[in-house]
Structure formats: structure tokens, C-alpha cells
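Subject: Handover of a structure and notes on its pockets, cavity and salt bridges

Dear colleague,

I am handing over the structure below, together with an account of what was found in it. Please read the notes with the structure open beside them.

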Amino acid sequence: MRPGLVVSDLDGTLLDPGGALSSGNLMAASELAAAGVPLILATGRSYYESRFVLDAIPSCPLVIGAAGALLSHAETGETLDRELLEVDLIESITRLILEEGHLVQLLQDRSATEEDYLLVGTAAPHPTMDWWLELHDLASHRVESLEEVDLSHTVRIGVVGGPSELEALTERIRAAYHDRLVIRHWQGVSERDDRPTYLLELFGHGVDKWSMIRKVMDQRGLVPGEVVAIGDGLNDIQMLKEAGLGIAMGQANDRVKAVADRVVSGNHQDGFAEAIRGVLGS
């Protein structure tokens, strides 16, 4: 029985280690469309950070972005649903991060604000942040403080740093706000292999890819057993666990593989294409 929906992560899953969409994975996405099975993306990226994939896979109808905080129309970028951070929480956490000497990156709902990032503080941007903004042609605005700033469209608080640079800050935030936030500190995409980049990402309590997938399922009249989820990261665990078929990439860590029903090759070997052909029985 073919699924009613396939949901795929991007980085580490649909994209290869260099962040590109391989011809093999692109062909597999076309085969899925030809079989009449919708493919939607569920990624930590925002809509505009995912545009190059959407341009290559025009059959994709929806994007779950910002790790479940945003649901966007794939063709227009219109925000269809969102999970916002509380303004008082943004203000207090931003003050804490600024005390530690970091630049705060507030991801905005661009559908409402016409900008992707509000950058707060006087610290120099991390080189990876500058590279990321330029790579995806993202709109940003910089302020020194939050005075008279509209925070009502903020879906994520972020900080970028090098190895071990954000550990103390992460623990300080965890101790103070663990019951009000989803907190992730992990290695992110970098422009250079010899310059690893780490991210601290903060979302509203309960924000998760699977929570937004459930909303899509309700709209389409689907149940979990009709959904296939493919991923490799810690923010994919819930969707791999709850979907009717959860498929982990070969390079995923043991925590991710432990909740999956199936493990395929790594993203350097077109594991996504292997997963799709297994689902289609081809």
C-alpha cells in the first residue's frame, strides 16, 4: 500500500553533505510525484532558505520550516500556520544572550515582516552567518537593542558560535527556561569543513516537526499510518517515531536510528532515493 504523504528532512537527508540536491535524489522525487504521492519538506531552514530545493522539485506543495514553527505554501511562500515565541520570553532571553557578548538572531515570519532575520546586539556576526545570509539572499535588519522593535512575528531565537563556545550559555538558558522552550544546541551547516559551526536554537514550548505534520494530516484527512517520514537529525526523532514508517539515514546517530523502522544508506550515497524506491516498491 502506497502512503498518503512522504515527509522529508533537508540537510543530511534530501541534500548531500555539500548541501546540494543530487541527480539521483531529484529523480526519486520525480518518481514519487509520478506515483501521485505528495512530498513535503520538514526542515530547520525557513522557506526562503529552502527555495533552491523547491525550484528543483516544483511538485512539492508545502514546506514545514523552522523545525515545525512555520508552515508555508511552497509556490508563493505564504505562511499558512505558525508557532510564535512569546514577546516577554524573547526580551528576557535576548538580554541574557547579549550579556554573554553574542549577536542574537531572531528568525522572522517573512510573510508578515518582509525580512528573514532581525539581528540584535553590537557583536560582530559569525562568518558563517554572513555566508548564510549571502548564499540565500536573505533580508536582515540590525539593531543594537530591542527598544521600539516589533517582536510579534518571531519564531526562533538563534546564536551561532564555534566548538564549545555556546555550551555555558545553553546550560544557563536551560536552567532558567527549560519548561518554556524547545532548546537545541548542535552542529550546523558551515561554509568550510575546517571551520565547524555550532547553533543554539530556541523555539516555543511544544514546537516540533511532527506537531505541524499533524496539522497537515488533519487538513488532508490522513492518519499517522499513512505517513512516511525520512530524516537524520535530532529534530527528526519525533516524526520518525510517530509516522507509520520512519526511515533514518545511514549517517544518523544511534538515538535517531533507534526510533526508526528502517535505515537506508547515508546522504552521501543517495539514501533518500533508496528510501523512496523502497516505499514505491521499485
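The notes that follow take up the pockets, the cavity, one buried acidic residue, the salt bridges and two backbone angles.

Please bear in mind that this is a predicted model.

Pockets

The largest pocket holds about 1200 Å³ of space. Its lining is made up of 48 residues, and those nearest the centre are Asp11, Gln187, Gly188, Val189 and Leu199. Several elements each supply at least two residues of this lining: helices H1 (10-14) and H6 (127-135), and strands S9 (154-161), S10 (181-188) and S11. Helix H6 gives the most, with 5 residues. By class, the lining of the largest pocket has 18 nonpolar, 18 polar and 12 charged residues.

The second largest pocket has a volume of about 220 Å³. The residues that line this pocket are Arg174, Ile183, Arg184, His185, Trp186, Asp208, Leu234, Ile237, Gln238 and Arg255. Strand S10 and helix H9 (237-242) each supply at least two residues of the lining of the second largest pocket, and S10 gives the most, with 4. The lining of the second largest pocket divides into 4 nonpolar, 2 polar and 4 charged residues. Strand S10 thus deserves attention in both places, as it supplies at least two residues to the lining of the largest pocket and 4 residues to that of the second largest.

Asp208

One residue in the lining of the second largest pocket is Asp208. Asp208 sits in the loop between strand S11 (197-204) and helix H8 (209-220). Which side chain of opposite charge is nearest to Asp208? That side chain is Arg184, 4.0 Å away, yet Asp208, although buried, has no salt bridge. Leaving aside neighbours within four places in sequence, Asp208 is in contact with Ala67, Gly68, Arg184 and Gln238. Of these contacts, Arg184 and Gln238 are also among the residues that line the second largest pocket.

Cavity

There is 1 cavity of 30 Å³ or more, and the largest cavity has a volume of about 90 Å³. Its lining has 13 residues, of which Tyr47, Tyr48, Leu70, Asp109 and Arg110 are closest to the centre. Strand S4 (70-73), strand S6 (104-108) and helix H5 (110-113) each supply at least two residues of this lining. The lining of the largest cavity comprises 4 nonpolar, 6 polar and 3 charged residues.

Salt bridges

The whole structure has 15 salt bridges. Three of the pairs are described here.

Asp9 forms a salt bridge with Lys209, and the closest N and O atoms are 3.1 Å apart. This pair links distant parts of the chain, for Asp9 is in the loop between strand S1 (5-8) and H1 while Lys209 is in helix H8, 200 residues apart. Are these two residues buried or exposed? Asp9 is buried, with a relative accessible area of 5%, and Lys209 is buried as well, at 0%.

Helix H8 also takes part in a second pair. Asp81 forms a salt bridge with Lys215, with the closest N and O atoms 3.3 Å apart. Asp81 lies in strand S5 (residues 79-82) and Lys215 in helix H8, 134 residues apart. Asp81 is partly exposed, with a relative accessible area of 23%, and Lys215 counts as partly exposed at 28%.

In the third pair, Arg180 forms a salt bridge with Asp88, the closest N and O atoms being 3.4 Å apart. Arg180 lies in the loop between helix H7 (167-177) and S10, and Asp88 lies in helix H4 (residues 87-99), so the pair ties together parts that are 92 residues apart in sequence. Arg180 counts as partly exposed at 29% relative accessibility, and Asp88 counts as partly exposed at 44%. Salt bridges that share partners also join Asp9, Lys209 and Asp236 into one network.

Backbone angles

Most residues other than glycine have a negative phi. Ala67, which is not a glycine, has a positive phi of about 55°. Ala67 is in the loop between strand S3 (62-65) and S4, and Ala67 counts as buried at 2% relative accessibility. Asp270, also not a glycine, has a positive phi of about 55°. Asp270 is placed in the loop between strand S14 (262-263) and helix H11 (271-280), and Asp270 counts as partly exposed at 25% relative accessibility.

With kind regards

Technical notes: Residues numbered from 1 in each chain as written. Predicted model: local features only at pLDDT ≥ 70, side-chain atom pairs only at ≥ 80, totals over all residues. Heavy atoms only, no water. Buried < 20%, exposed > 50% of the residue type's maximum accessible area, 1.4 Å probe, protein only. Lys, Arg positive; Asp, Glu negative; His and termini not counted. Contact = heavy atoms within 4.5 Å. 1 Å grid on protein atoms, 1.4 Å probe; cavity = no way out; pocket = protein on both sides within 12 Å on 5 of 7 lines; lining within 4 Å. Points joined across faces, edges and corners; volume = space filled by probe spheres on them. Nonpolar A, V, L, I, M, F, W, Y, C, P; charged D, E, K, R; others polar.
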